[in-house]
Amino acid sequence: MFLEATQSIAAFEVLLPLALILVLSKLLSIGFRKIGLPQVVGMLLTGVLLGLITLIPGQTIFNNTAMSGISFIAEIGVILIMFSAGLETDLKQIKATGIAAIIITMLGVIIPLGFGFLAAGILPGGYGKDYIFRNLFYGVILTATSVSVTVATLKELGKLNSKIGTAIVSAAILDDILGVIILSIVVSLDQAFVNASANVGIDILMVFVKTIGFFIFAIALGLSIRFIFKILSKKYGHHRRLPIFGIALAFFFSYAAEQWFSIADITGAFFAGLMLSGGKDSEYIERRTDIASYMLFTPVFFAKVGLTSLSSFSTIDTTFILFGVLFIVAGIAGKLFGCGFGAKITGYDFKDSYRCGLGMMCRAEVCLICANKGISAGIISASIQPFILVLILITSFVTPVLLKRSYKNDIPQELNHDIVQ
């Protein structure tokens, strides 16, 4: 009886913070959408603003119980976001650009990863063998791309279906897939070294065996389930049981990835979505999942990032601030030069190559999710979160402005006037 009462009080303490998060995140999201910026920026600022409450001496709104509840809900939010990302992935799009998209993606992953790794070398420990995976993971964070702002800008300019527009979207799809795979491998390798026995070589080998095993498992089971969903779609088209089964699949894949294969749970969620993408009702499942997610889980995840970013900022030392600035520069330069150079060597002219680099420069939810995974695994410091927020803000503001300017002389004067207005 006492235990039930205690649990009720604990649950009650989460309700007011949730109410504040949902109301403020919605208001800020609407505001940012009206000025042409991603709604995720509004959700992140929600956490930062509400984090000011935590600075008030004796405040009890965001206490330990509330933060524990928020963290749990945020974890569900991560799974749903990655499941939706998998559902949105159009593998057929890649065929339109073929080898060009692959090369742009490879350089757009390798160069930011390298820049991030080099920047992390100024942190205590430098490039010592005990800090290899920490440095690598900071680079992994920078491999993520979010082209939602770019897509909206290209649509506005009437250039989304142009040759370079198709290349950007295709490269972004591959970027997500490759980034998630690299993240899982780095996390697994780090854990293998942390738990290293006398047989480190065998532990490393097992990481790759488990990784390959997961992909065999995910593809084999995923194709079978895809066939089942195809039958269900014919019989129960646009029925709510389809998104329910889809979300259940995301949770199962996430559990299997983490528990059976020691792969990041977000990888499982992403591949669950990937297995259902392109189906007859995949858009319906995605839409219903987004509704469920954006009603509660997604705003809480982004707000939690903002909350923890503010609290961690007060503990950052001078060295980490210097690293944070270099991290932001590495994030911008890595995509701009990496993807831009990839486009140039695959036959695009200088202007289109520049546009490709700009288009791939944006960061948002996947970048935050990668960082969150590294923090949870104890690989990197939570102090990186404020700098990721700055990176997201800068790229979200700068990308559409520079993209529009790059097309200034390539669009009709009337449309150009409307865009400026």
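This briefing covers confidence, helix packing and selected residues in the structure above. The model is predicted. The protein chain averages a pLDDT of 84, and 91% of the residues score at least 70. Three helix pairs are described below, followed by S293, I141 and S262.

**Confidence**

- Helix α13, residues 318–345, has the highest confidence in the protein chain, at a mean of 94.
- Helix α17, residues 413–420, has the lowest, at a mean of 43.
- Residues 1–9 stay under 50 in pLDDT. The model gives this stretch zero contacts beyond four places in sequence.
- Residues 413–421 also stay under 50. Here the model has eight contacts beyond four places in sequence.
- Where pLDDT is low, the predicted coordinates should not be read in detail.

**Helix α3 against helix α11**

- Helix α3 spans residues 64–88, and helix α11 spans residues 265–276.
- Their axes come within 6 Å and cross at roughly 35°.
- The crossing of α3 and α11 is right-handed.
- On the α3 side, the contact uses V78, I79, M82, F83, A85, G86 and L87.
- On the α11 side, the partners are D265, I266, A269, F270, A272, G273, L274 and L276.
- By class, the residues of this contact are 12 nonpolar, two polar and one charged.

**Helix α5 against helix α13**

- Helix α5 covers residues 99–120. Its axis and that of α13 come within 7 Å and cross at roughly 155°.
- An angle over 145 degrees counts as roughly antiparallel, so α5 is roughly antiparallel to α13.
- α5 passes α13 in a right-handed crossing.
- The contact of α5 with α13 has 17 nonpolar, five polar and one charged residues.

**Helix α5 against helix α6**

- α5 also packs with α6, at an angle of about 135° and with the axes 7 Å apart.
- That angle makes α5 and α6 oblique to each other.
- α5 passes α6 in a right-handed crossing.
- α5 contributes P112, L113, G116, F117 and A120 to the contact.
- α6 contributes I132, R134, N135, L136, Y138, G139 and V140.
- The contact of α5 with α6 divides into eight nonpolar, three polar and one charged residues.

**Buried residues: I141 and S293**

- I141 lies in helix α6, residues 132–141.
- I141 has a relative accessible area of 0%, so this residue is buried.
- Leaving out residues up to four places away in sequence, I141 touches F327, C367, C370, A371, I380 and I388.
- I141 and K351 are 210 residues apart in sequence. In space, their C-alpha atoms are 27 Å apart.
- S293 sits in helix α12, residues 282–313.
- Relative accessibility of S293 is 1%, so S293 counts as buried.
- S293 touches L80, T298 and P299, again leaving out residues up to four places away in sequence.

**A loop residue: S262**

- S262 lies in the loop between α10, residues 241–261, and α11.
- Its phi is near 55°, a positive value in a residue other than glycine.
- S262 has 36% relative accessibility. Partly exposed covers the range between under 20%, which is buried, and over 50%, which is exposed, so S262 counts as partly exposed.

Definitions and conventions: Residues are numbered from 1 along each chain as its sequence is written. This is a predicted model: local features need pLDDT of at least 70, side-chain atom pairs count only at pLDDT 80 or more; totals for chains, interfaces and linings use all residues. Side-chain values use heavy atoms; hydrogens and water are left out. Axes are lines fitted to C-alpha atoms, for helices over the stretch in contact, and angles run from 0 to 180 degrees between N-to-C directions. Helices (H or I, at least four residues) and strands (E, at least two) are DSSP runs, numbered from the N terminus. A crossing is left-handed if the near helix is turned anticlockwise from the far one by less than a right angle, and right-handed if clockwise. Contact means heavy atoms within 4.5 Å. Ala, Val, Leu, Ile, Met, Phe, Trp, Tyr, Cys and Pro count as nonpolar, Asp, Glu, Lys and Arg as charged, and the others, Gly among them, as polar. pLDDT is the predictor's confidence in each residue, from 0 to 100. Buried means under 20% relative accessible area, exposed over 50%, partly exposed in between (1.4 Å probe, protein chains only). Angles under 35 degrees count as roughly parallel, over 145 as roughly antiparallel, 65 to 115 as roughly perpendicular and the rest as oblique.
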